[in-house]
Amino acid sequence: VNASLFDMTGADRLTYSCLQQPICFASTDGDGIFVIADLGEESVGHVSLSLETDEACKAILVWGEHLSDLRVRSQIESRNFAIELKLRKGKNEWTDYLHRIGGRYLCVFAETHKITVERITVCEVMYPFNEVNHVFTDRLIQKIYDVSVRTLKLCAHEHYEDCCWREQALYGMDSRNQMLFGYSAFKEYNLPRASLRLFSRSARENGMVELCAPARASIVIPSFTAYVLLAIAENAEADYNEDFVLEMLPFAERALQTFEENTKEDGVHIFTQTCYWNFHEWSAGLDGGTIFRDKEIPSYADGALTALVFRATKEIAALERKLKREKQAEKLEKYAYSLSQSFDKFYDVQMGVYSSYIVSGMRRGWHAYTQALFLLTGLIPERRRKGMVAELKKKNVCVPLTLAALQLKYDAILKTDGDSNYCVKEMC
């Protein structure tokens with residue numbers, strides 16, 4: 001309806017955080033009434049409603065993270081985060097314990113001209129983390145940290161989730177970040193192991209993890225498998241559990257064998273079959289191109305994947321060595337060495353950075369993501385490192401990293417020149 005809140009309710013703008021008494025919305029205009037509830041911050045859990053109407057009617061409940069022209073934006077392409085309700089005459093109370101939703105805003109649109117709202121909210125559901133109390137003297141840094149910790153909490157239930165509103169799915173790159181940050185924020189090791197176990201048990205026969213787990217998907221992202229292997233090693237570094245490592249190694253060995261089979265003299269090549277999406281991050285040139293294809297694509301060398309698989313191979317080889325599995329360790333170390341021999345092929349002397357691809361003998365693509373991955377191998381000659389770090393900081397030549405991959409940038413800078421001040425200032 002096109003009416004003010006006062007006209008509909010007899011009340012001015014509501015500023016309190018919860019309803020102290022039911023509010024009746026009424027109007028004779030339009031074809032219904034919509035009511036928006038602002039939860040005050042991102043939330044995740046079970047939606048709970050208490051509504052009263054004078055007549056039976058249809059209603060729609062939507063939820064989302066954004067408001068535009070006083071409407072909750074709930075639709076993304078073919079996905080619409082909405083459900084239809086059938087309200088009976090009188091009071092309607094409902095809490096949906098079968099589904100978990102995420103977002104900040106809820107909206108009810110009811111096809112009636114009078115509705116009384118007692119409750120529109122989300123009953124929060126969180127994983128029982130034991131939070132570590134980190135206190136910072138800078139208030140802005142403290143706020144950034146606190147928001148980050150809440151974000152981690154919102155995206156963890158039976159496994160990690162890339163987001164609490166949309167897909168709520170377990171992805172290799174996203175969850176690797178969540179595990180890594182959670183070691184400091186929560187000292188949590190079991191949830192990472194449970195999620196890594198899901199990856200290993202739902203992986204394809206060749207060790208490549210599905211797009212998300214547990215699932216059977218039509219496409220696979222090769223780089224995400226490498227991130228899962230890194231996550232296995234990082235879990236062992238944070239809280240070594242020999243039984244878990246032994247459980248994961250056969251899966252890791254299968255995956256690395258597949259990468260090796262797709263490796264040539266100029267490094268790891270993209271995966272050409274239609275089921276593979278050669279995605280790294282959502283930046284121009286690294287987004288993997290067309291997701292769904294009906295034919296194979298030409299093969300060419302992937303610099304970012306080469307550096308990433310090198311790191312994963314070295315880490316898994318170290319776990320093999322720790323368990324005195326000498327034969328497996330030597331095999332992986334040999335493969336890692338062969339990868340390192342291809343690094344120079346990606347370096348462009350004039351540009352002073354590493355290319356992301358080699359296509360028909362020509363270097364192509366300049367990305368900060370790729371520079372960070374090469375720096376993190378620990379094998380870049382000292383004469384090149386200064387220029388690469390400067391590029392990460394000044395963004396003169398390369399496509400910048402996206403938010404999801406900034407951890408790589410800061411990790412590379414800290415491990416190369418230890419400039420923590422730069423990292424903190426940029427985050428603030």
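Start with the secondary structure: colour the protein chain by it, and you will find 12 helices and 17 strands. Keep in mind as you look around that this is a predicted model.

Now zoom out to the whole chain. Along the principal axes, its C-alpha atoms fill a box of roughly 75 × 50 × 45 Å. Switch on the surface next: the accessible area comes to about 21,600 Å², and carbon and sulfur atoms account for 50% of it. Then look beneath that surface, where 49% of the 428 residues count as buried. If you display contacts between residues at least 6 apart in sequence, 71% of them turn out to join residues at least 24 apart.

Next stop, the largest pocket. Its volume is about 1,600 Å³. To centre your view there, select Ile-144, Ser-148, Phe-181, Leu-403 and Met-427, the residues of the lining that lie nearest the centre of the pocket. Once they are in view, widen the selection to the full lining, which holds 38 residues.

Which helices should you highlight around this pocket, each supplying at least two residues of the lining? Pick H2 (139-154), H3 (172-185), H11 (406-416) and H12 (420-427). Give H2 its own colour, as the largest share of the lining, 9 residues, comes from this helix.

For a last view, colour the lining of the largest pocket by residue type. You should see 22 nonpolar residues, together with 8 polar and 8 charged ones.

Terms used: Residues numbered from 1 in each chain as written. Predicted model: local features only at pLDDT ≥ 70, side-chain atom pairs only at ≥ 80, totals over all residues. Heavy atoms only, no water. 1 Å grid on protein atoms, 1.4 Å probe; cavity = no way out; pocket = protein on both sides within 12 Å on 5 of 7 lines; lining within 4 Å. Points joined across faces, edges and corners; volume = space filled by probe spheres on them. Helix = DSSP H or I, 4+ residues; strand = E, 2+ residues; numbered from the N terminus. Nonpolar A, V, L, I, M, F, W, Y, C, P; charged D, E, K, R; others polar. Buried < 20%, exposed > 50% of the residue type's maximum accessible area, 1.4 Å probe, protein only. Contact = heavy atoms within 4.5 Å. Areas by Shrake-Rupley, 256 points an atom, 1.4 Å probe, with all protein chains shown as cover.
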